[in-house]
Amino acid sequence: MKQQSFAIYLAVIAVVVAGILPLSARPADIINNLCIDELIQSPGVINWIPVGCEVVDCCPGCPGAPIDWRIRVAGDPIESVTLKFEDLPAEMSGKLKLQGNAKWIDGSTLRIGKGEIVLSGFILDPAKAVPVAIPQLNIEKAFADRIKADADQNHPDSSADLGANDSGRVELTVEQVMGQVVVNESKLIYIVSSCSSPALPESDDRISLTGNTSSDNAVIVLDARRAGRCVKDEVQRTTGAVSVGSVLSNSDCNSNAAVFSDDNAMAFFTPVSVWSDPLGDLLTLDLAPMWQVPTTVWVMRGPFADTRDRVLADFARANQLYNKMNCGISFSAPVINDATADSDTPGLLNATCPDANLLWKRIGFTNGRLNIYYLNLSQGRGWWCEDNTILIGSGADNESLTHEFGHAFSLRHSDNIVGIGGNNLMIAGGGGRNYFTIGQCFRCNVEHNSTLNSNAIRTGPKRNCPDVNANPSCPKLAFDVTPR
Amino acid sequence: MNGIVLKITIVALSLPIISCGRRPQNGQEKMTPVQATEARRAIAAYLECEECDSGELEALVKLGQKVAPSLAATLRDGPAPATRELYRRQLLAAYRGLKEYEANHREAKVLMGEEKYVKTYLDNQAAYHRIRAATVLAAIGGEVARKALEQAQEAAYRDDVKLAVNAALDKLKKR
């Protein structure tokens, strides 16, 4: 027995010794939340998988061999996945070898069934366009029928857990390997939901929205009491008014309503006191225009006209994302100052957060607003320095400013948080970041430390909701609703 | 049972010895496929880090000379074609979405045309990869790093890249 223990101990030590390198985490999965009707009617292009290595020499000491794709398809909702290749030369597709449950539909379209397949023999010509695969899901009819039926029967008064059966998950994993080394990898997660609510009688309790600027299908997140239980983060959708079944008097339950809508501020009503036990209660929620965040930009990196255009493009992207994701925040026209000719600029072009004092004194600073400095910043693409100060570097991507605004609104990095994808705007790097969760939008608005509150831009109830907080009065950070 | 465990032990213990004993022609230390995959992930994470305050640089410095040739290649050639193509398509989609959004939201007006929008951020990506590569090469040091930085000093890169390369060479000289 002792001998065996010693052998196991030795084996563990050996494996540790053999692991010369520290393990680096896999890239985060890309999460796509989809409505089944939209998916069937107009699937659209939402992801791309280019053929080739992620880094320029593929990997340290890579063999330089052809690239093979190991593709895995999994999930109940689908019958198959189609990969439509663009810019795949005909002579190459003819030479690719296929193993597993897959079939070429034509010279550039591959249909893959569930399971694992290998597509081998990609040899890339650097003089030609990079071939790119565009995935499309082929949904099982039985799943589509079931999910719609579940949605119709999913009455809010039911004791079943809402959402337990109304979504399905598809995983598409593509590992590109050279020899035995994985030189690029994509894991795409598709969460497919019904996105429709059952139509309930108007004699039920109801919620009515006023001031819904763009009459969009707003998201209402409800905490309340129903028969025999407190409900938390129950989702209702409406453009104007919706029946919600029977909501009972609050008793010991939290009773709140948060509304997330395009072109309106996030509205948070707490406590809600209109609910009584009989049916027929009406909760009217007034929506206000989006919060306007005042900003001042200091352009230090020239030429001024080029950087100004980039500033406006960055702001446009931030406006679009904070609105379309229903955070209800807008960045009114920034005051843009040309500091390129300032005599202090050359000495501060590579300033970092510890230099913020110098930036304020020598370049400029406006109190009570977010001040954004466009400079070189070799230490990163962007930084939130606290104290209303953001730095944007010359290598920033088109979502860096949106990301730094997220920090200004109290959000932290969302890497390694279950349920949040690598395309989330608060991921600490990468590209193609394009969404906030409803849980993040909630925090941007109500968290005490958000500059919306500390700069007195927003009025309304506040909460102590740090990202990792399991506070029962805050939705989870990954809490999200589709569509928006 | 003991026999199997002992066999695993012998094989595992011998891996580093075998690895150290073989050097490819370019002088780069040989890695196992798993190690090469992990090294590639570490490089990619560092080249596109936002604040770079999550240990991305330190992870590469720890790998040292094993990753120096990859970083030298990045400094010379910029992002890999597949990485660049993915970002180009993401930018195109973002731009077209912005133009749709702009139609009903005047505050979100984009002055740049599509081509300039895509080029601006692709150029930033290329510059950023080179700046990051220069920075970590200075931290790793050695002959591969020095040569790569000296060659980069002669190349016609953007001013921010040149500044980073010069700063990296200064740092290297002070080591």
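Student: Why are α4(B) and α7(B) called roughly parallel to each other?

Tutor: Start with the angle. In this predicted model, the axes of helix α4 (residues 68-77) and helix α7 (residues 143-154) of chain B cross at roughly 5° and come within 9 Å. Angles under 35 degrees count as roughly parallel, so α4(B) and α7(B) get that label.

Student: Which residues of α4(B) and α7(B) meet?

Tutor: From α4(B) you have A68(B), P69(B), A72(B), L75(B) and R76(B), and they meet V144(B), A145(B), A148(B), Q151(B) and A152(B) of α7(B). Sorted by type, the residues of this contact are eight nonpolar, one polar and one charged.

Student: What about α5(A) and α5(B): what makes them roughly perpendicular?

Tutor: Same style of check. Helix α5(A) packs with helix α5 (residues 81-102) of chain B at an angle of about 75°, and their axes are 10 Å apart. Roughly perpendicular covers 65 to 115 degrees, so the pair earns that name.

Student: Who makes that contact?

Tutor: On the α5(A) side, A316(A), R317(A) and Q320(A); on the α5(B) side, A94(B), G97(B), L98(B), Y101(B) and E102(B). They divide into four nonpolar, two polar and two charged.

Student: Which element gives the most to the side of chain B that touches chain A?

Tutor: That's α5(B), with 14 residues. Overall, 77 residues of chain B are in contact with 69 residues of chain A. The chain B side divides into 45 nonpolar, 16 polar and 16 charged.

Student: Over to the sheet in chain A. Why are β22 and β24 said to stand at the edges?

Tutor: Look at the strand order, β22-β20-β23-β25-β24, in an open sheet of five strands with mixed pairing. β22 (335-338) and β24 (382-384) of chain A each have a single partner strand, so one side of each is left without a neighbour in the sheet. From one strand to the next, the twist averages 15°.

Student: How do you know that β20(A) pairs with β22(A)?

Tutor: Count the bridges. Pairing needs at least two, and four join β20 (residues 295-299) of chain A to β22(A). The two strands run parallel, and W298(A) stands opposite N337(A) in β22(A).

Student: Which helix of chain A packs on this sheet?

Tutor: Helix α5 (residues 304-324) of chain A does, touching β20, β22 and β23 (370-374) of chain A. The direction of α5(A) makes about 150° with that of β20(A). Angles over 145 degrees count as roughly antiparallel, so about 150° falls in that class.

Definitions and conventions. Residues are numbered from 1 along each chain as its sequence is written. Chains are lettered from A and ligands numbered from 1 in the order in which they are written. This is a predicted model: local features need pLDDT of at least 70, side-chain atom pairs count only at pLDDT 80 or more; totals for chains, interfaces and linings use all residues. Axes are lines fitted to C-alpha atoms, for helices over the stretch in contact, and angles run from 0 to 180 degrees between N-to-C directions. Two residues are in contact if their C-beta atoms, placed from the backbone, lie within 7 Å. Ala, Val, Leu, Ile, Met, Phe, Trp, Tyr, Cys and Pro count as nonpolar, Asp, Glu, Lys and Arg as charged, and the others, Gly among them, as polar.
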